[in-house]
Amino acid sequence: MSKLTEKHDYKGTLVCVEGIDGSGKSTQLALLRDWLKSSGHDVIFTEWNSSELISQTTKLAKKKNMLSPRTFSLLHAVDFADRFKQVIDPALKAGFIVLADRYAYTAFARDVARGVDPNWVRSVYSFAIKPDLAIYFDIDPKHSMERICANRAPKFYEAGMDLKLSNDPYESYMIFQGRVIREYQKMVDEFGLVRLDAMDSIHSKQVAIRKMLEEVLKDKGVSL
């Protein structure tokens, strides 16, 4: 786990956002990306479960509801490893700002919430480096579900239905995401995640994120 606890020596900058669904993290990262690009910075965006190598396999397995917690964990680890090698690593070496919508911490939260051994999960992601800025959008399950249900019903794995916590997907969502949140809260101290209140306004959160990134880049000798 030393790579996730020690400052990396890449030329570029790695920023990741974390939080359960409905926390607004993706919206904030999109706003940050547009702002950085308009300022003339080289930016690369990468998101969870998007590797061309494995993502389609994962999506097919999810549709058939055939994933055990350990298999679920391994598939996402392969996806992450491929994206790290093909996208994150070369971009950081080239001096880009890499924006990651979810990082290894997502696995640490979700997989452990599914009962997978936390030490095992951390060892699987031992190659991951420490982000220059890792932001956790803190929201309670109730408000998260309200935001999601404004557009759709909770998905099978999103609601933790594979764990048979409840036959009601909404109740299962509350229980499972509550577990995920508890794991995230532990990581605030363990990995130094920066907590932001997801219930704050979009504008106030974006202002705070830009200010934090400005400080990170300033330490690297880069100005915005």
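**Reading a predicted model: pockets, a cavity, a strand and its rings**

The largest pocket of this predicted model has a volume of about 910 Å³.

Q: Which elements give two or more residues to the lining of the largest pocket, and which gives the most?

A: Empty space can be found in a general way: rolling a probe the size of a water molecule over the atoms shows where it is left. In this model, α2 (25-38), α3 (55-63), α7 (141-149) and α8 (169-190) each give two or more residues to the lining of the largest pocket. Helix α8 gives the most, with four residues. The lining comprises 32 residues, and D21, R110, R152, K155 and E158 lie nearest the centre of the pocket.

Q: How many residues of each class are found in the lining of the largest pocket?

A: The lining divides into 14 charged, nine polar and nine nonpolar residues. The second largest pocket, with a volume of about 160 Å³, has four nonpolar, four polar and three charged residues in its lining. Among the residues that line this second pocket are K11, H41, D42, F96 and K220.

Q: What lines the largest cavity?

A: The count comes to one cavity of 30 Å³ or more, and its volume is about 30 Å³. The residues that line the cavity are W48, F72, H76, T106, A107, R110 and D111. Helices α4 (69-93) and α5 (104-113) each supply at least two of these residues, and α5 gives the most, with four. By class, the lining holds three nonpolar, two polar and two charged residues.

Q: Is strand β1 enclosed or open, and which residues lie on each of its faces?

A: In a regular strand the side chains alternate between the two faces of the sheet. Here β1 covers residues 13-18, and six of its six residues are buried, so the strand is largely enclosed by the rest of the structure. T13, V15 and V17 lie on one side, while L14, C16 and E18 lie on the other, and all of them are buried.

Q: Which strands does β1 join, and how many bridges are there to each?

A: Five bridges join β1 to β3 (residues 97-101), and these two strands run parallel. In this pairing, C16 stands opposite A100. Four bridges join β1 to β4 (residues 133-138), again in a parallel arrangement. Here V15 stands opposite L133.

Q: How is the geometry of an aromatic pair read, for example that of F108 and Y125?

A: Two values are read together: the distance between the ring centres and the angle between the planes, where an angle over 60 degrees counts as edge-to-face. The whole structure has 15 aromatic pairs. F108 and Y125 form an edge-to-face pair, 5.9 Å centre to centre with 90° between the planes. The pair links distant parts of the chain, since F108 is in helix α5 and Y125 is in the loop between α6 (118-124) and β4, 17 residues apart. F108 is buried, with a relative accessible area of 0%, and Y125 is likewise buried at 0%.

Q: Why is the pair of F156 and Y157 edge-to-face?

A: The planes of the two rings stand at 80°, with their centres 5.0 Å apart, so the pair is edge-to-face. F156 is partly exposed at 31% relative accessibility, whereas Y157 is buried at 7%.

Q: Which rings form a cluster, and which rings have a charged residue over them?

A: Ring pairs link W48, F80, F84, Y103, Y105, F108, Y125, F127 and F191 into a cluster. R33 lies over the face of F45, at 4.6 Å from the ring centre. The charged end of R114 sits over the ring of F72, 4.5 Å from its centre.

Notes:
Residues are numbered from 1 along each chain as its sequence is written. This is a predicted model: local features need pLDDT of at least 70, side-chain atom pairs count only at pLDDT 80 or more; totals for chains, interfaces and linings use all residues. Side-chain values use heavy atoms; hydrogens and water are left out. Buried means under 20% relative accessible area, exposed over 50%, partly exposed in between (1.4 Å probe, protein chains only). Two strands pair if DSSP finds at least two bridges between them. On a 1 Å grid over the protein atoms alone, a cavity is a set of points where a 1.4 Å probe fits but cannot get out, and a pocket is an open set with protein on both sides within 12 Å along at least five of seven lines; lining residues have an atom within 4 Å of a point. Grid points are joined across faces, edges and corners, and a volume is the space filled by probe spheres set on the points. Ala, Val, Leu, Ile, Met, Phe, Trp, Tyr, Cys and Pro count as nonpolar, Asp, Glu, Lys and Arg as charged, and the others, Gly among them, as polar. Rings of Phe, Tyr and Trp (its six-membered ring) pair if their centres lie within 6.5 Å; planes under 30 degrees apart count as stacked, over 60 as edge-to-face and the rest as tilted. A charge sits over a ring if NZ of Lys or CZ of Arg is within 6 Å of the ring centre and within 35 degrees of the ring normal.
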